[in-house]
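Biologist: I am new to this structure and should be grateful for a close look at a single part of it. Please describe the aromatic residues and their surroundings in one connected account.

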Amino acid sequence: RNQETIGNHRTVALLLGATVLLGGTWSVRGQPDSGPFTDASAAGDGPECTVQVGSGLLKQLGTLTDAPLECSNAWTKLLLGFHYTRKNLTECIEREERTRADQSSNNFCELLLDDVRRQMRQERQRLTGESDQRIQAVQLELNEEKSRSVQLQSNVGAVQQELTRLYRELVLTNVALGDSKHAHQYYQRYKEQKADLPTLNEALIRYVYSKSSHQTERVDFLLDFVRHVDDADQKLAIYRLLKVEMDKRGSEAAPLVMAFDASDAGAADPASPLQKLYLDTATPLIDKWRNELAIGEWRKARDFAQRYPEYYKRCYRMLLTVDATTWKSLNFGKYLLVINTLPRSAFRMEAFEVVFGLLKRYEKDPSLERLKLLAAHADIFEQFIKRKGVGQEAQDRLAKVKDMFKGFKPNADYAYYLKEYQKSKPKTG
């Protein structure tokens with residue numbers, strides 16, 4: 001209520017101030033010479049204010065309307081002016097009080113905000129401290145994990161090395177046993193370990209030649225293993241290492257097998273290193289064996305046909321075919337010795353075919369002596385067929401050989417040349 005009284009007094013003061021600004025005067029009756037306000041109350045009803053309005057105030061009041069201000073309306077206009085003035089002043093006071101209230105509210109909010117900020121700083125410090133502790137703990141765990149990881153990697157590395165060593169030993173063992181299938185399985189696992197293949201290749205060569213009593217057999221097993229290696233570069237690498245050892249020992253049969261295998265592996269490219277290996281290895285061996293056969297040294301060819309029959313089929317024509325010059329100087333009897341040393345009837349028949357072919361090529365009128373010698377060897381072939389008790393296929397081969405004697409001389413066949421040979425054969429006993 002005190003605030004309301006103070007507000008009313010302030011409103012009156014502002015109204016009076018506005019009157020003065022508008023050019024009016026005021027007075028209270030009962031006070032001497034108090035200005036334009038005089039007390040008109042005669043019955044003691046309280047002080048009565050009289051406002052004297054001058055011409056200047058009237059002019060100012062007149063500006064409130066477009067029409068000229070009459071005296072009778074001056075009081076009404078004045079009261080209306082006071083009303084609006086009071087209203088404006090009241091609103092101004094209210095705005096001032098709200099501003100002070102807002103400022104007080106803002107000050108309170110600032111205090112709350114400062115407290116929140118302080119709490120946030122404390123919380124951040126607490127969280128930062130806890131985070132640092134957690135980071136340190138995690139770092140310690142990471143360091144321990146790294147140590148365990150290093151140890152684990154070391155263990156894994158040791159296990160991988162052991163696996164690599166184990167697979168290498170299994171490859172070597174299975175190759176030595178002639179089990180190419182399992183040898184290749186372990187060979188693939190060895191490769192999966194990213195191991196050094198040249199080291200394995202060298203170990204294979206060393207293992208094959210580690211015992212002289214098993215060298216021939218182990219070389220054959222190694223050749224069978226390499227035959228099924230898919231990588232042409234690895235084939236070539238092993239063949240080259242093997243050739244070095246074979247050349248040191250003067251081997252001849254196994255190198256020829258290796259040469260044919262290399263030729264098969266490089267068949268798609270005549271200029272490949274595998275084809276070159278074939279030519280470098282096979283050519284001198286075949287030339288050597290051919291020259292030996294021409295002088296009656298048939299054992300290497302016979303042994304090769306017996307141990308490697310499939311490879312003998314690939315080279316027998318090259319071995320038995322001599323050039324014209326060699327044919328003329330040939331010891332024909334010694335040259336024919338190889339025929340009946342061959343282990344199969346098919347090989348013997350094929351040898352007869354080669355010799356008869358050369359006879360027709362190099363001699364227009366073959367000598368009777370050579371035909372008699374051929375008949376003698378055909379007779380040995382027939383005794384071989386009878387002794388072995390072989391089937392019809394062997395009988396057919398013998399018949400083909402006998403037919404080869406026809407056409408050289410009129411009315412002469414196998415029986416004729418055999419009879420002539422038996423006539424000239426030295427009698428014994």
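**Aromatic rings and the nonpolar core**

Modeller: Just after helix α4, Lys194 takes a positive phi of about 55°, but the part requested is best approached through the aromatic rings. The model is a predicted one, and a search of the whole structure finds 18 aromatic pairs. One of them joins Phe356 and Phe405, whose ring centres are 5.0 Å apart with 80° between the planes, an edge-to-face arrangement. Phe356 belongs to helix α14 (residues 345-362), whereas Phe405 lies in the loop between α16 (392-403) and α17 (414-424), so this pair ties together parts that are 49 residues apart in sequence. Both Phe356 and Phe405 are buried.

Phe356 also pairs with Phe408; here the centres are 5.9 Å apart and the planes meet at 35°, so the pair is tilted. This second pair again links distant parts of the chain, since Phe356 is in helix α14 and Phe408 is in the loop between α16 and α17, 52 residues away. Phe408, like Phe356, is buried. Together with Tyr414, Tyr416 and Tyr417, the residues Phe356, Phe405 and Phe408 form one aromatic cluster.

Leu374 leads from these rings to the nonpolar core. Apart from neighbours within four places in sequence, Leu374 contacts Phe356 and Phe405, as well as Phe332, Leu336, Phe352, Val355 and Leu359. In the largest nonpolar core, which has 89 residues, Leu374 and Phe225 touch the most other members. That core draws at least three residues from each of domain 1 (159-243) and domain 2 (322-428).

Note on methods: Residues are numbered from 1 along each chain as its sequence is written. This is a predicted model: local features need pLDDT of at least 70, side-chain atom pairs count only at pLDDT 80 or more; totals for chains, interfaces and linings use all residues. Side-chain values use heavy atoms; hydrogens and water are left out. A nonpolar core is a set of buried Ala, Val, Leu, Ile, Met, Phe, Trp, Tyr and Cys residues joined through side-chain atoms within 4.5 Å. Buried means under 20% relative accessible area, exposed over 50%, partly exposed in between (1.4 Å probe, protein chains only). Domain bounds come from an automatic or database domain assignment. Contact means heavy atoms within 4.5 Å. Helices (H or I, at least four residues) and strands (E, at least two) are DSSP runs, numbered from the N terminus. Rings of Phe, Tyr and Trp (its six-membered ring) pair if their centres lie within 6.5 Å; planes under 30 degrees apart count as stacked, over 60 as edge-to-face and the rest as tilted.
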